[in-house]
Each structure stands twice: as structure tokens, then as C-alpha cells.
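Hi there,

Here is the structure I promised to pass on to you. Have a look at it first, and then read my notes below.

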Amino acid sequence: MSYDTVAVDADGGAPFHGIGASVPRDDVDAKTAGTFAYAADLWAEGLLWAAVLRSPHPHARILSVDTTHAREMPGVHAVITAEDVPGEALHGRGRGDRPVFASDVVRHHGEAIAAVAADHPDTARMAAAAVIVEYELLEPVTDPEHAFEAEPLHPDGNLLRHIPLRRGDPEATGEIVVEGTYRIGRQDPAPIGAEAGLAVPRPDGGVEFYVGSTDPHAHRDAAAACFGLEPERVRVVVTGVPGADADREDPAFLLPLGLLALRTGCPVKLAASREDSFLGHTHRHPTLLRYRHHADGQGRLVKVEAQILLDGGAYADSSAEALAAAVSFACGPYVVPNAFVEGWAVRTNNPPSGYVRGEGAMQVCAAYEAQMDKVARKLGADPAEVRARNVLATGDVLPTGQTVTCPAPVAELLAAVREAPMPELPKDTPVEEWLLPGGPEGPGDPSAVRRGVGYGLGMVHLLGAEGSDEVATATVKIKDGVGTVLCAAVEYGQGFATLARQIVQEVLGLEDVVVAPVDTDQPPAGAGSRGRHTWVSAGAVERAAKMVRTQLLQPLADTFGMSAELLQIAEGKITSYDGLLSTTVVEALAGKELWATAQCRPHPTEPLDADGQGDAYVGLAFCAVRAVVDVDVEVGAVRVVELAVAQDVGRVLNPAQARARIEAGLTQGVGIALTENLRTQRGLVRHPDLGGYALPTALDAPDVRLVRLVEERDVVAPFGAKSVSTVPVVTAPAAIASAVRAATGRLVNRLPIRPQAAVVTGQ
Amino acid sequence: MCQSCHVRPVSTYRTAIRRGTGTRRFQAGGSGKGQAGLTTHTPHAPQAVTLPASLDEAVDALAATPTAVPVAGGTDLMAAVNSGRLRPSALVGLGRIAEIRGWQYQDGHALLGAGLTHARMGRPDFAALIPGLAAAARTAGPPQIRNAGTLGGNIASAAPTGDALPVLAALEATVIVAGPGGARREVPVSHLLAGVEMLRGGELIGYVRVPLLHAPQVFLKATGRTGPGRATASVALVLDPARRSVRCAVGAVAPMPLRPLEAEQWIAGLIDWDDNRALVPDAVTAFGDYVAAACIPDPAPAEDGSVQQLPPAVLHLRRTVAALARRALGRALS
């Protein structure tokens, strides 16, 4: 079913609530009118402002920290350093290796050393600058290839994880062998709303956070451990979340804030500057990949050998998970009988890497798709045809030994984008109005522009992998004909709150459904990553709603001597199958309030073993993208004209939202492919601002042709729906690189594509 | 309603304003006295900002408060203030000086007010006058920046990526500087940018004097993306049929715009000025390479005489400059 037909249906009188309808977000009016209160707008009487002192060096020994001057400044209430951390000094996802404040060694540019609370943000900033830190500069390790033999940068060593994946016959060879080395840059999540939040001390000695956290329970636990408090005395209230595509307001941000509130006894607010934001949060793993593909004379893959090196930056964070994804999906959605992939994630003095949409999977996608182009070039075959000969299908085995049991309509997706009509050439408009690479009023010259078409196939896993417990709990209540959802799944722009409303509308036949704000007094629903809320949290909401439905209908069914399944609810009315019974939900409730709480826990997974084998993933999602690009081959300017996408979505719950999420993902992919790279020089972040870090603008965002959304339901997923956001991010860069390759004949082995790599010199 | 709106444990700026507590609107955000009894929060004193109505008043205001910083569009200055790099004790706002927000004609020249915004310069009436400056103004950033940023500010900031600067250099514009006591002096813009002459304390950029050439002018800039962005290289090229000369300036590759004078003279000698400015196509290509080689020269040979190679990124920059210069000349002559 294509999106366009759905849109027509929705406009033509289809239901405006319930599953399958394009229900608008409930905060859309407030956000467009500018009245939505973001976390940065929070205010409390008597609040103090925080500022963080960050290291100007990527690697240094701290000889002394003198806070005397800062403390004596008028208006300053507290200055805290590593000595003031009452509980655990280290935190971190997976592996606790990251100090709240650096005390002995600074391991990356921008690492926090001290924090100040003062009565004015400028005073706080000046006081932070007045903290005197004496450094002994150390040689930074910035090349991940040198991390192996370098002196350990951390007591835990420099190797964060190593996965050797071995499957099949190591001696197998093919008629065709292609090799390549690929480099992927450091993408920053660059949330348009920078980190901000408020910490308020509680009378019981605890602290409450009002922040836009995307994983409130994990952040609460990290904060409690650091403060030496019981988790019950720390509360995270999620409020005013600006959009996120990575972990927001992680402990590195929360902990200094909470410590200052505990120390001063006053509410403390921290609103990160853009520079603070760039230096303080984690980025996508810069990756070095070496590949060798063996294929037979028809281009069918025989063996893939790969080495993948992830630069984890100074601290582990989610590097282990990113590496697992990179190694597992190193061969892509293709049937590969023999795979030998070795992956490492290492510690360096670069800015820390962490969770960003499609981490691990995105980097390898760019590399294996480049390899597929090379195989095609060597064979002299159509790159799309070579891909079609190798695609994975349900029942095939992944290189990790896991059998693909979910729908894997890769062949169908590829066929759909191949058959899609090409974007029209602007034949009928005057040359001056063409949007050429370089932009309007730019230097573009039509005679130097070449058009290229490229394909990308990508895959990601949904939900946490390797045995992580992905449980979510949700509560649904109904009172006076209004449904309420209580679930700790954070709405950060991905549309979960809208989906939750739609689910309850559908199950309970109500129009009025509200989603309650999230805080850690509710049972956990986990981090908002890898599409887990669409799958797990929405599953819990549905289950709870169904329990409420049963509570509502069973007494009626008993009265009329029929089974509850024979009763229907629609638009607030309860009717029986034969139409004899008709009442309203409000009457049936008779003033009662019905509550139900349910959990959803997907089937368990197992960690990858010593050979990289194991059923590590709950669900998979696939996507095919055809990119059409224009390249100015003299100056190397690239403009993505159109991205045609076909995606495996399981089931469309909200067509408008699905389209928006796919468009957003593709645009983020355009950023990785063309401009986004947080550059460092010997470990120092250069240009930590939005002038130097070029995000795609509206003019850079391509036309998106949603060719096909394949709705084959995954039987193990609630409603059969899959999250749609991640896989376009993973696939679009590979497709764009492939198209630039087609336009220029250059290798394009580095992302973002530098202008000099998209130039045809002609000599 | 959004997820977070049902329970709002703390009020927000915006609710405070909506409730009509009007005084709060203008506070920079403070909580009154802190616990220590000392507070550094003082609402900005109104006299810290002066808004003179004429250029001479502005100069007087600067003389009265020598530490004051003049501000026009503020697109560069306020970014520095917001990031804490600059803490001006006082500001002299130039936005109300009507005389520098327009232009006038003066014996074959246009006297452009320093307060002309990029948005104003990008409009068709201005483009008919000085097309090169209009083209630079139209690419000078997103609409918000173009609406605020000014010609004078572009010169005062003197950023290497300032888009108006190569055009002014190619036009051989002069800056009219207003000083105390109604004094006016004229400084070539290239002298200001190269630091040959500097603005003295208490002086303001009043006007920019630009010749009206009545001939094609082109400004081309390469950026990293399709949307507005900072120039990685830019080329301004103007024809001066009266003097039978071509003037070209390359921006963003050096701290100030560069003029390839030899290349200009060479190409001006090849153009048939009497025959529709005809030129052989090969000469256009050679001009591009000439300009690029002049602005990004080969490195000097090493001491042992071996030839040094430019790094690939610099080679690409040179190639970009060559392409821009070639296209600019091609467009100017077409």
C-alpha cells in the first residue's frame, strides 16, 4: 500500500482517530505557535544557574584544581568538583567508566571538571572560567588504529569490545574479488533544542529533575548511585522534550545539575549553550572499515571478509552495542554463505561516541553497498541487478547464525524502487530557475552537472539486543468516557504519544484519550531507542486497554447472557452484534473508574558467542532507497534531487506520521552523506557550532518519493508494526554515495562525501 | 495538550508573561536576591544602550562612552555576546540612523549607507544599480541574517567569509568614515581590510562609495551545502567598460579578499571591447586557472630543490576558485 492512497483515504472521510488514521500530534498547535514550554523555559522561584567548566585539552593530567577565586565571586553559591561527588564516582551505560568530573586525568576535549551555581547565568559562566586548573599536557591518542598499542588511557584499558564473527569456510574464494577501505565521519545528533533542565532539592534530602530525558528510569538510577541516595529519593519528571534522535539529557548532563541542587538547597537550572551541547553529548562512532567481497561469475556473493574499527572516544557508553550491530549486519541484507568479520571498538581521546539512530548498522551499510557497487563494476553489470541476485529473504540465515523468521521482503523493496518513475527533468522551466548543486543564486553551471542514480539496501535491528530485558509497563484508565494512558515511554518527537492515543481510541472506541506526563514514579518503559516504544510500550498500552475493555464489557455481557467478544465499541457507544443492546460507554461505566496495568516483554535473545554467533535480535527492519543526485563535477557540489524509498514497516499505524518519520530519517541520512561531520584536530573539536557543523537545510532536503510501504505483519510484534525511523537513516547515505559514484565514476569511500571526492578532473 | 502540560510543577517564562506580570517580561531572568545576600543580577540599566538618530550623534555617543560598542544588525556581535566572548559595557545602536539606511548618487558613484541591510541590497532596484553587491547580499545567509546584517557590519567584522567584501574589493570601493566633530575621511576598503589603515577610536563607518559601472558584475560562491552557508571560496568579477578593465577579487581563501591584478590586466587586454566584448573560449578557461594560481600559489620549492605538492584539500580549493572565476567571467561576458 502506498502512502498516497492512504492520504487520499484520510482526506476523503476515513476515521480521524484510531489505528490507521493520520491523527495529528497533540502538541502541534503549541509548537507551531511557539507556546510549547520546552525544558529550557522552566522556571522556579529562587533558582540558581549552573555552568560547567570543561577541559580545553583532549588529554592531560590534572595537577590541581583551585576553586577559591570562583567561590569568592559575589553571587556564586557553590562550586563543585570530583571531590564533592558523594556516591559512585563513575557512571556509564553498560560499563561504568566515566567520571562525573575529571579528577586525575582529562580524556577528551570538553570533559567536565567543575560546575558552578550562581544567581545569574553570566556569573556562573564567569565563575566557571575563574576556576584555576593546572594541567600537565599528555600526548592524545586520536587515531583509533593506534589505540591498541598506546598506553592505556583508562584503568579499564583501550579495547572496549572485540567481536570476531566466523561463519562458513574460511578457504572459500570467488571468481571476483573486490576490496575497499571506507571511513565514516563523526555525526552529531545536534538536537535543535540544546540540553536544558532544572533540578529541585526535595525536603527528604533527595532531588527532582525536570528535564527532557529520553530514558528517565536509567537516568534516575545513575543519578541516585552518584548521589549516594536510594532511587526512590530521586525523581525524574520528563517535561518539554525538544526533538531527539539520540539519548537526551544523559547522566553527564544531569549529574552536575543534581549535585548543585543538593549542595545549594536551591533549584538549579542548566541550559547548555550550543558549544556545551556539542562538547557534552555523545556522537556517532567514526568508523574505519576494510572489506573484501568474493563473488562468483554471476555476482552472487561467496564470502565477505571485513574488519571494522569503531572509535568509541574517551568512554565506553554504548560502543559495545554499536559494535554488535556493526558486526552482525556487516554483510547487509544479502545471503552470504561464508562471513569472517572482525570488529573492535576502542578508546581514544576523541569526543565520546554513543547512541545515535542506526549506530553500527549505518556505518557498515555505507561500506557493504560500496562493495556491491564494486562487484557490479567489475562484472560490468547493473548495480541494482547484482543486489537483486543476492537479497535476503525470510528463512535465510544471517552471518550471526540467526534465522530470519520475520518478514524480510528485501527483493520486493528493491524491485519497487527500481520500478519507480524517475524525477522529471525541469525541461519546461528556464535555466535560471533550476535548482542546481550550489543552491539558488549559486555558481552552478548546467554544463558541468551530471546526474547519477544509486541504490542502497539497509537493515537494522529493532529493540535492544543480546539478551537485554526490553520490558515496558503501561496503565490505561477510563473515567467519564475519557481514556488516560500512563506509560513512562517518553514522547520525544517520534510520535509515541500519538500512537498510544490511537491504540486506546481503537480498543475502547473513545475519541477523548490523553497521555499523562512521564515521571519515574511510573514503572519503567525503557529508553526511547531502536523503535522499542512502537513495539514494546505500544504493546503494553494495547494489552492494558484490552484489559479495561474486558472489565467494561464483561458485566454487560453477563447481564445479557452473551460473550464479551460479541459486543463492539465505537464512537463511545457499545452495541451487540445483533444490535439489540445499545448503550454508551459513560452509562456502562456508571461513574466507575476502570484501571488496568499490563506489561509487554518481547521474546528473549542471547548474546553473541566467541564466534559472533547467536540469536541476538528480536526484530529486523529493511529498507531500499534509490537516490538521484546532481553533481557539479567541477567544484564537487552535490545536491540530492530525490530519494525514492520502499520500506518494510509491518503495519502503518499512522500514515502521516510514518511518512514524516521516514522523511526525517532520510534527511538525517543526507546530512551524514554530504555535510555532517564534527571535525577534530588532534582531539580538539573544531567549530562546535551550527555555523561550522552544517546540518541539512530545507534546500538540502530532497524530494521524497514513498514508493511502497510493505505491510507484512511480523507475528511476534504487537499489531505487527515496526518502528520506521531508523532504517532510512541507515540506508540513505549508502544510496547517495552510490549515486555520486554513478555520476562521477569516483570511488567515494568516505562519508561525508568531500567535494574533492566528487570532482571529475578529466585529465 | 502536550504530554507535559497537565502537570507543571514550575511556572515558565511564557506563562508568566501570559498572566500579565508585565514587569517580568523585560527582566533578563533573575530570581532577586540569592541566599548569600549578594546578587550579581541587575536588570540592564537603560542608559547602557543609546539609540542616536544621526551619524554625528552616534559619534558623539561613542566619544561620551569610549568603551561603548557600536552595533548595527548584530549578527556577529550578538553571537559573541551570547557566547560570553564579549561583554560590552554599553552599546550604541545604529539602527535608527535613517541617513545610513539608504543610498544617494554622487558624480557617477553611489554613496551607500553603512546601515543598508543585505535584504535591502538584494532587491531588484538595487540590483539594477550594483548587481555584484546585490548577488552577494542575496547569498549572504538565511533570511533572518539578511534582514538584520548590514553592509557596514560586514566591513567592520571583516570576516574572511564576508560576502560583500570581495565585491567591494573588485569595485575598488572607498569607505567614508565619520569621526568626532563632523570629520569625514575617505579610506579605500582594501586598505581597511588589509590593515594598511585602521578605524581610529570613536570613528564609525558611515558610507561606502561605489562606482556605478553600468556593466555586468558577477558574484559566485561555493558553499558546503545547497542551503545558505559560509563560503569556502567566492569570486567577484566586475567589468569596467569605460576604463576597459576587468576587476576580480577572490574571497574566503585568505583573511582578506585577494585581487589577481596580473590576470585582470591580461584578460582585459584580450577582450575585444568594441566588438560586443568578444573573447575566445580558451582564454576564459585560462583566466580561471590564472586567477586560481595567483590566489593559491604553488608552494616554494624545498631547500633541496624538490617540488612541493599542495595538500589535496588546497588543490581542490584552487580548482574551485578556477571554476568560479571561469564561470564568473563567462557569465559577465555572455
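In this predicted model, the domain assignment splits chain B into domain 1, covering residues 98-211, and domain 2, covering 217-333. If you take the C-alpha atoms of each, the centres of domain 1 and domain 2 of chain B are 23 Å apart.

How many residues of the two domains are in contact? On the domain 1 side of chain B there are 20, and they meet 23 residues of domain 2 of chain B. Three helices of chain B each bring at least two residues to that side of domain 1: H6 (131-138), H9 (164-171) and H10 (189-194). Which of them gives the most? That is H9(B), with six residues. By type, the side of domain 1 of chain B that touches domain 2 has 14 nonpolar, four polar and two charged residues.

Now please turn to chain A. There you will find an open, antiparallel sheet of three strands, in the order S22-S23-S24. Strands S22 (567-570) and S24 (582-584) of chain A each have a single partner strand, so they stand at the edges, and one side of each has no neighbour in the sheet. On average, neighbouring strands in this sheet are turned by 25 degrees against each other, ignoring direction.

For a closer look, try strand S23 of chain A, residues 573-576, which pairs with S24(A) in the antiparallel sense over three bridges. Ile574(A) has Thr583(A) in S24(A) as its bridge partner.

Enjoy exploring, and write back with any questions!

Best wishes

Key: Residues numbered from 1 in each chain as written. Chains lettered and ligands numbered in written order. Predicted model: local features only at pLDDT ≥ 70, side-chain atom pairs only at ≥ 80, totals over all residues. Pairing = 2+ DSSP bridges. Helix = DSSP H or I, 4+ residues; strand = E, 2+ residues; numbered from the N terminus. Axes fitted to C-alpha atoms, helices over the stretch in contact; angles between N-to-C directions. Domains from an automatic or database assignment. Contact = placed C-beta atoms within 7 Å. Nonpolar A, V, L, I, M, F, W, Y, C, P; charged D, E, K, R; others polar.
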